[in-house]
2 protein chains.
Amino acid sequence: MDDRAIGVFDSGIGGLTVAAEIKKLLPNEKIIYFGDTARVPYGTRGDGIIREYARQDCRFLLKRSVKAVVAACGTVSSVALDAVAAEADVPVYGVTEPAARYAAEKYPRGRVGVIGTPATVESGSFAKLLSRFAPECEVVSAACPLFVPLVESGMLSGEAVELIASEYIAPLGSPDALILGCTHFPLLAPVISALLPETELINTGECLARLLASELEPGSGGADEYYVSDIGRGTRELACRIMGGEVALITASAE
Amino acid sequence: MDDRAIGVFDSGIGGLTVAAEIKKLLPNEKIIYFGDTARVPYGTRGDGIIREYARQDCRFLLKRSVKAVVAACGTVSSVALDAVAAEADVPVYGVTEPAARYAAEKYPRGRVGVIGTPATVESGSFAKLLSRFAPECEVVSAACPLFVPLVESGMLSGEAVELIASEYIAPLGSPDALILGCTHFPLLAPVISALLPETELINTGECLARLLASELEPGSGGADEYYVSDIGRGTRELACRIMGGEVALITASAE
């Protein structure tokens, strides 16, 4: 037994999709979440500033005594996980490796697509892991810079979203699986799967939750805590939509 | 003669549209620009954090000895201009008042539209000024939360942009004039004027530049300085596109 919480952080509210998956699989774990909504998005910024922000987010969680730190953010997991790990004296988990491992095991000679923020796709993080775990797997990827703003502004369906999604995704063809490499993207899954009806969409949060379930010492619950660095326009609505009910957001500075 | 520079700041790169208008009208003025690209966008965040960021941006310019501070950002001008003015011992200019005054004088009994970020539109800043300057003017407004991300991601034309723009703008009908209440929006002017061919689009930077020309003591030039808090993906390209040529961006922290 280890009664300390699981610390989860993200550039904003998207990482709650990961928190929701962890709660589903591990209902007895207490979660302390930090979303850096005062500085979201990360995925279009330079790597240096992403690493600086990620270190601050991690320190926020470490101050609150957690047994593990989860970077519930495709961008941070792709370009700053080593920086986060260097801060932490507890295990650090990103969302890239568990999803890449799942895809590689299921489609070792298949065609796997990856979509993410520009930072994530440019880093090649998923592609490198996939070719390590499954050297014969073919990887195709596409940056989707507008998906995070679309989700944050609550625009999850409609013709404009479909057009933008189709523009990003059409060049990938019809892969066996598509890794939703940003934790905001599961909210656009209905639009994406309408474009790729034959493709398995891989939710990184789900893969990560399974890994945590197998590796972490179980806890015994406690009230979750959800911190954000700003409550902006639409923050509460989006948080409730993801968590399927009221979420008591507490504002706190990352620094 | 006052050889100090004009200080110009914005949440990011959009304020360069204002800097460009100032340069056009006042080629002998030296400009010191600060774009807070490490924390852009401001317009979807809460008012408290916008005011905190704006004060820091202003202090950045004051440290460099300027004769005036221009908040080249519709959001800051709408919700934080008093906070900026409280920091500064030089005149502070926002982009709302000169544009509202221009529209009110030209269409005192007309119909004036305002588009801006959610923060700007919710503040009612333009509407309040318009009804003060022209009580019989009818004001209609619409928040356009995706316009800043569209511009920042370089998506300035195409079917998806047209659809999003039409969704935002159609409810305004066909006003006599439309104030582009965010300094990113002039980059979308071709798309907007295609939707509203009879409407005069008002560029807030142009109105502000005329005010500066009439109020400031003239300078005698000097090399402009363009600072940004992060050089993200696409920052350089966007800066060059707005300024119509190479811009030497220097990274510097707001704090």
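In this predicted model, let's start in chain B with strands S5(B) and S6(B), which run parallel and are joined by 6 bridges. If you want a spot to look at, find B:Arg111: its bridge partner in S6(B) is B:Glu138. Helix H7, residues 125-133 of chain B, packs on the sheet here and touches S5, S6 and S7 of chain B. Its direction makes about 170 degrees with that of S6(B).

Now move over to S7(B). Strand S5, residues 111-116 of chain B, pairs with S7(B) in the parallel sense, over 4 bridges, and B:Gly113 stands opposite B:Leu178 in S7(B). Turn to strand S8, residues 200-203 of chain B, and you'll find 4 bridges linking it to S7(B), again in the parallel sense. B:Leu178 turns up here too, standing opposite B:Leu201 in S8(B). To get from S7(B) to S8(B), follow helix H10, residues 189-195 of chain B: the three elements make a right-handed β-α-β unit.

Put the pieces together and you have an open sheet of 4 strands in chain B, ordered S6-S5-S7-S8, with parallel pairing. Strand S6 (138-143) and S8 of chain B sit at the edges with a single partner strand each, so one side of each has no neighbour in the sheet. From one strand to the next, the twist averages 25 degrees.

Finally, what about the two faces of S7 (residues 177-180) of chain B? Both are covered: B:Ala177 and B:Ile179 are buried on one side, and B:Leu178 and B:Leu180 are buried on the other.

Terms used. Residues numbered from 1 in each chain as written. Chains lettered and ligands numbered in written order. Predicted model: local features only at pLDDT ≥ 70, side-chain atom pairs only at ≥ 80, totals over all residues. Buried ≥ 20, exposed ≤ 12 C-beta atoms within 10 Å, placed from the backbone. Pairing = 2+ DSSP bridges. Right-handed = clockwise from strand over helix to strand, strands pointing away. Axes fitted to C-alpha atoms, helices over the stretch in contact; angles between N-to-C directions. Contact = placed C-beta atoms within 7 Å.
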